[in-house]
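Hi there,

Here is the structure I promised to pass along. Have a look at it first, and my notes follow below.

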Amino acid sequence: MLSVHCQKILQQLPSHRLLALDVMRGLTIATMILVNNPGSWLYLYWPLKHADWHGLTPTDLIFPFFIFIVGMSITLSVNAMQAKEITKRSILRAGVIRTLKLIALGWFLALFYYNFRDPNFSWLDERLAGIRIMGVLQRIGLVYLVALACYLYIKPRYIALTFVNLLIGYGTLMVYMPYSLPNGEIVKGLWLHSNNLSAWLDNLLLFSVWC
């Protein structure tokens with residue numbers, strides 16, 4: 001009986017959708033809701049917490065799962081649109097619009113809050129001045145756009161080479177590129193929390209752009 005029901009669901013799905021991917025998306029969202037709303041922040045099981053720095057917990061897999069889902073969705077949707085003879089330029093234009101929507105939605109969710117119970121609450125100081133410019137939705141939007149452009153205009157074997165070169169280049173820069181600390185000291189190759197090349201570059205670009 002259950003198998004018959006599943007077959008009916010599969011037959012009703014559009015050709016560009018994959019049931020397994022939809023299930024994975026639903027489970028990932030459900031897990032994200034559980035992690036963000038554990039019931040009490042004072043008593044948390046370790047799987048519901050991010051690793052402090054080194055290490056890995058199930059919670060740390062939620063964002064990578066979303067990125068994997070984005071990549072799989074790109075292949076399915078692009079193939080379906082190209083089968084309808086939609087041009088690459090039109091597909092990319094739609095991708096840019098979707099990216100802008102995701103970024104705007106991320107900022108909206110970050111700013112759409114006001115503590116009416118606290119008379120000393122300052123929306124400008126607490127929300128606007130402290131906004132996380134590159135939040136989760138914003139990052140997903142940018143990753144989606146870059147991945148979409150690569151899938152449209154780069155051959156699969158070159159995508160693999162690009163992926164490997166990015167990893168090697170990123171690792172090389174993290175180890176050998178020097179940067180300056182606030183006290184003027186020049187360092188390189190640090191892998192400390194909030195003190196490494198990646199954190200330095202994030203602070204330099206995002207802080208300077210926002211301020």
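The protein holds eight helices and two strands. Bear in mind that this is a predicted model. Along the sequence, the elements run α-α-α-α-α-α-α-β-β-α. The radius of gyration comes out at 21 Å, whereas the globule rule gives 17 Å for 211 residues, so the protein is more spread out than a compact globule. Along the principal axes, the C-alpha atoms occupy a box of roughly 65 × 50 × 35 Å.

On burial and surface: 18% of the 211 residues count as buried. The exposed area is about 15800 Å², with carbon and sulfur atoms supplying 68% of it. As for contacts between residues at least 6 apart in sequence, 54% of them link residues at least 24 apart.

The charges may interest you too. There are 17 positive and 9 negative side chains, and 16 Å separates the centres of the two sets.

I also looked at one residue in more detail. Aspartate 22 sits in helix α2, which spans residues 19-36. Is this residue buried or exposed? The answer falls in between: aspartate 22 has a relative accessible area of 22%, so it counts as partly exposed, given that buried means under 20%. Its side chain makes a polar contact of 2.6 Å with the side chain of arginine 25. Aspartate 22 and serine 73 are 51 residues apart along the chain, and their C-alpha atoms are 9.6 Å apart.

Enjoy exploring it, and write back with any thoughts.

Best wishes

Note on methods. Residues are numbered from 1 along each chain as its sequence is written. This is a predicted model: local features need pLDDT of at least 70, side-chain atom pairs count only at pLDDT 80 or more; totals for chains, interfaces and linings use all residues. Side-chain values use heavy atoms; hydrogens and water are left out. Helices (H or I, at least four residues) and strands (E, at least two) are DSSP runs, numbered from the N terminus. Buried means under 20% relative accessible area, exposed over 50%, partly exposed in between (1.4 Å probe, protein chains only). A polar contact is a pair of N or O atoms within 3.5 Å; within protein, one must be able to donate a hydrogen and the other to accept it, and residues adjacent in sequence count only if both atoms are side-chain atoms. The radius of gyration is taken over C-alpha atoms; the globule rule is 2.2 Å times the number of residues to the power 0.38. Contact means heavy atoms within 4.5 Å. Accessible areas come from the Shrake-Rupley method with a 1.4 Å probe; for residues, only the protein chains shown count as cover. Lys and Arg count as positive and Asp and Glu as negative; His and the chain ends are not counted. The place of a charge is taken as NZ of Lys, CZ of Arg, CG of Asp or CD of Glu.
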